[in-house]
Amino acid sequence: MISFGPTEEQEVARDAMREFAASAIRPIARRCDEDSQTPDAFLEQAWQLGLVATQIPEAYGGAGEARSPITNVLVLEELAHGDAGLALAAVSPALFAMPVVEFGTEAQKRELLPLFCGERFHAASLALVEPGPCFDPTALRTRAERKGDGFVLSGVKCCVPLADRASHFLVLARENGGDAVQAYVVPRDAAGLALAAPEKNLGLRALTTGTLTLERVEVPASARLGGDAGCDARRIVNLARTAQAAVLVGVSRAVMEYAIPYAKDREAFDEAIAKKQAIAFTLADMCIEVDAMRWLVWQAASRLENGIDATREAQLARSYCAKQAMKIADDGVQVLGGHGFIREHPVELWYRNARTLGVLDGAGLV
Amino acid sequence: MIDFTLTDNDKKVLDSIRAEALVCRNYARHYDENEHEFPPDELPEAKDFPPMMSLFGGRTKDDTGLGVISMMVAGAQSWGDYSVRMRRGRGGLGNAALRAAGTPEQQQKWGGLTLAMAITEPGCGSDPSRVQMTAVLDPTTDEWVLNGEKIFVTTGCRAEGVIVWATLDRSAGRAGIKSFLVEKGAPGFIVAHKEKKLGIRADDTAAYVFKDCRIPRGNLLGGKEEIPKESSGGFAGVMKTFNMTRPAVAAIGLGISQAALDFTREQLQAAGVVFDYAPGAASQSALAQRFFELEALQEAAMLTVMRAAWLSDTAKPNNLESSICKAKGGAAVREITQGCIELLGPMGASREHLLEKWFRDVRITDIYEGTGQIQRLIIARQILDYGRTELK
Ligand SMILES: Cc1cc2nc3c(=O)[nH]c(=O)nc-3n(C[C@H](O)[C@H](O)[C@H](O)COP(=O)(O)OP(=O)(O)OC[C@H]3O[C@@H](n4cnc5c(N)ncnc54)[C@H](O)[C@@H]3O)c2cc1C
């Protein structure tokens with residue numbers, strides 16, 4: 001039955017996130033961007049929201065709430081409305097933990113999930129993106145070769161969220177030279193794993209990211225997510241694309257909600273610039289697109305929630321949102337004119353974030 | 001709960017409509033090439049399809065809401081053919097206006113007629129407050145005397161009556177404008193000509209002349225003869241008619257662009273283009289990538305339509321959202337059909353296929369029921385909290 005109505009619990013969660021984004025994220029977003037740092041204090045504060053632990057089954061120490069891709073996109077839009085980098089930092093442990101919840105063997109769940117059920121923030125991350133042109137999450141260059149009972153991993157991964165603090169990485173790689181992608185749990189201190197200095201990126205600077213080099217890193221058979229059954233890497237990518245699209249909705253809404261009061265206040269040629277159609281229609285287009293983007297995201301999330309293949313919907317949502325968010329952020333800068341170019345306003349930050357997010361295909365998994 | 005799956009009942013309705021739509025499609029080219037030869041009320045092959053109302057029997061509260069499913073039905077019909085579809089069932093735009101603004105007695109009296117709606121004049125379209133047609137009361141006979149011209153009247157020839165907008169006092173602006181019901185055959189009411197069009201040619205579009213046309217005093221819709229001091233709530237009331245017709249217009253356009261996409265996909269696949277949604281942008285062919293872009297646009301636009309209708313189904317205001325979906329739908333269908341022809345090349349422009357016709361038919365979507373610009377004006381006023389004098 002087609003319905004656009006969130007449940008009451010989802011509305012409560014969404015409102016709580018909106019409030020958190022306004023009070024705890026937006027006020028520090030600029031400083032974190034300038035420092036290119038995710039502050040530990042923020043991560044601890046966000047941890048109290050229980051974004052990760054609530055979705056871990058009780059048997060492993062979590063709150064055992066049903067994992068809902070729909071709730072996740074509602075939450076992500078709100079957090080990203082505060083700041084996309086900080087939103088991704090806050091949920092980054094889920095990049096690691098949720099695939100373990102969905103696909104992990106009993107032993108993997110028992111070993112790894114309790115890490116995310118404590119009082120303190122625990123960092124672990126997903127290593128998916130690879131450097132160089134033509135990155136495609138379904139055609140990875142990183143390889144896992146069978147050796148004896150275990151695997152040998154070789155390759156380079158970049159844009160790994162909070163890599164500087166992560167205890168474990170979930171490394172996606174092509175297995176045995178074939179096309180099939182599988183995931184491997186690699187502890188930070190594994191021999192052959194090297195972590196470069198934090199990356200310097202155009203946007204999402206409030207999210208510290210790192211580059212990992214895996215030089216013949218040997219892991220036991222038990223490191224393969226899901227054991228012999230493996231994992232559904234396509235579903236991981238679909239979840240990632242949908243989540244990333246939700247973040248782009250949040251960024252776009254932030255631009256729109258900033259540009260509207262600005263345009264009403266700013267005057268030129270004896271009246272508010274918002275009274276000029278060229279500006280007013282630009283704002284109307286932002287309003288139209290934020291809606292259109294959101295429903296595409298919801299549609300993909302609803303399929304994921306129902307366990308239906310969402311490859312098509314997730315791809316359409318991600319690519320559409322990437323394109324429209326870029327346009328909205330671009331127009332946002334233009335509505336502010338020269339002021340849009342100055343770092344006193346957040347619009348240039350959103351412009352950089354929209355560009356960066358839009359090319360991180362599959363890197364926004366929750 | 002947020003959900004986008006169709007129930008069995010939903011599918012049953014849509015499957016039946018689509019099957020019938022394909023019958024209509026067989027006639028599409030004929031009525032396009034023979035512009036003023038309008039299709040019959042019922043096509044011979046369509047006789048055995050169940051009447052629309054019967055399809056909606058047995059629906060429960062677990063099925064998709066009536067507003068949303070109606071939008072999908074409208075899209076499924078025009079996916080077959082825009083104009084041949086329009087022939088089925090009675091009722092025109094004017095019927096919606098009668099329901100919105102007529103008194104219960106008026107609705108009772110004229111509800112069974114097919115009614116056109118005539119606002120547009122040679123000198124005014126987007127700004128209906130500039131209506132020049134006049135209505136003057138003749139107290140000696142208790143009749144209204146109408147004078148003026150109306151153009152672009154949809155179902156203008158076939159309709160049994162029309163709702164026209166006319167002014168009681170030009171100097172009173174929008175407050176002076178009232179709607180009147182004129183039945184065909186009223187003295188001085190002339191159907192002047194049929195318009196020749198870019199597309200939707202099987203659609204009946206007429207021009208009217210009213211020359212001292214006399215109608216009974218009771219034909220003023222709503223019955224309120226006085227001119228309110230402040231700009232009237234009555235005008236706003238009539239404008240509310242558009243809250244469901246705008247999503248419907250967008251849905252109809254999107255049915256056509258869906259047909260264009262389906263055809264384009266089929267042809268490209270037959271030519272060996274691979275459509276695989278899993279790989280990232282870097283691994284897609286330019287043709288597939290562009291096709292996905294158009295497809296995303298289609299779905300995004302259709303979702304805004306369903307959203308506007310869902311709000312109406314759940315008794316929530318949808319004024320903003322109905323303009324959003326009309327603006328989005330109107331722009332989307334243009335880009336999609338233009339893009340599909342581009343993807344197929346010369347074949348797409350050939351009259352051997354319907355794609356070129358869909359490209360022409362769909363262009364009206366962004367024009368009538370308020371152009372894309374007018375929708376943006378409405379949206380901008382709402383989000384900026386401006387009145388119509390602050391943003392024109
Ligand atoms: C096939 C067809 C069927 C129709 N059916 C009906 C019908 O049944 N009943 C009926 O009453 N009418 C009908 N119409 C008329 C239709 O609603 C009008 O054509 C439409 O509203 C636009 O008006 P216009 O043609 O006078 O254009 P104009 O108002 O002259 O507009 C020309 C251009 O100026 C733009 N513009 C106008 N005002 C503004 C503004 N304030 N800001 C920015 N841009 C602006 C418009 O968007 C447009 O791009 C039909 C038209 C067609 C073609």
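**Chain A and the shared ligand site**

In this predicted model, chain A holds 10 helices and nine strands.

Reader: What makes chain A as compact as a globular protein of that length?
Author: Set two values side by side. The radius of gyration of chain A is 20 Å. The globule rule gives 21 Å for 366 residues. The two are close, so chain A counts as compact as a globular protein of that length.

Reader: How much of chain A is called buried, and on what cut-off?
Author: Buried means under 20% relative accessible area. Of the 366 residues in chain A, 63% are buried.

Reader: Why is the ligand site called shared between chains?
Author: Residues from chains A and B surround the ligand, so the site is shared. Among the 21 residues around the ligand, those that come nearest include A:Gln277 and B:Met117.

Reader: How do you know that B:Thr120 makes a polar contact with the ligand?
Author: The limit is a pair of N or O atoms within 3.5 Å. A polar side-chain atom of B:Thr120 lies 2.6 Å from a ligand nitrogen. That pair meets the limit. B:Ser126 places a polar side-chain atom 2.7 Å from a ligand oxygen. For B:Phe152, a polar backbone atom is 2.7 Å from a ligand nitrogen.

Reader: What share of the ligand's accessible area does the protein cover?
Author: The ligand has 970 Å² on its own, and the protein covers 68% of that.

Reader: Why is the ligand said to lie between two domains of chain B?
Author: Domain 2 (95–232) and domain 3 (236–384) both give residues to the shell, so the ligand lies between them.

Note on methods: Residues numbered from 1 in each chain as written. Chains lettered and ligands numbered in written order. Predicted model: local features only at pLDDT ≥ 70, side-chain atom pairs only at ≥ 80, totals over all residues. Heavy atoms only, no water. Near = heavy atom within 4 Å. Polar contact = N/O pair within 3.5 Å; in protein donor to acceptor, adjacent residues only side chain to side chain. Areas by Shrake-Rupley, 256 points an atom, 1.4 Å probe, with all protein chains shown as cover. Domains from an automatic or database assignment. Helix = DSSP H or I, 4+ residues; strand = E, 2+ residues; numbered from the N terminus. Rg over C-alpha atoms; globule rule 2.2 N^0.38 Å. Buried < 20%, exposed > 50% of the residue type's maximum accessible area, 1.4 Å probe, protein only.
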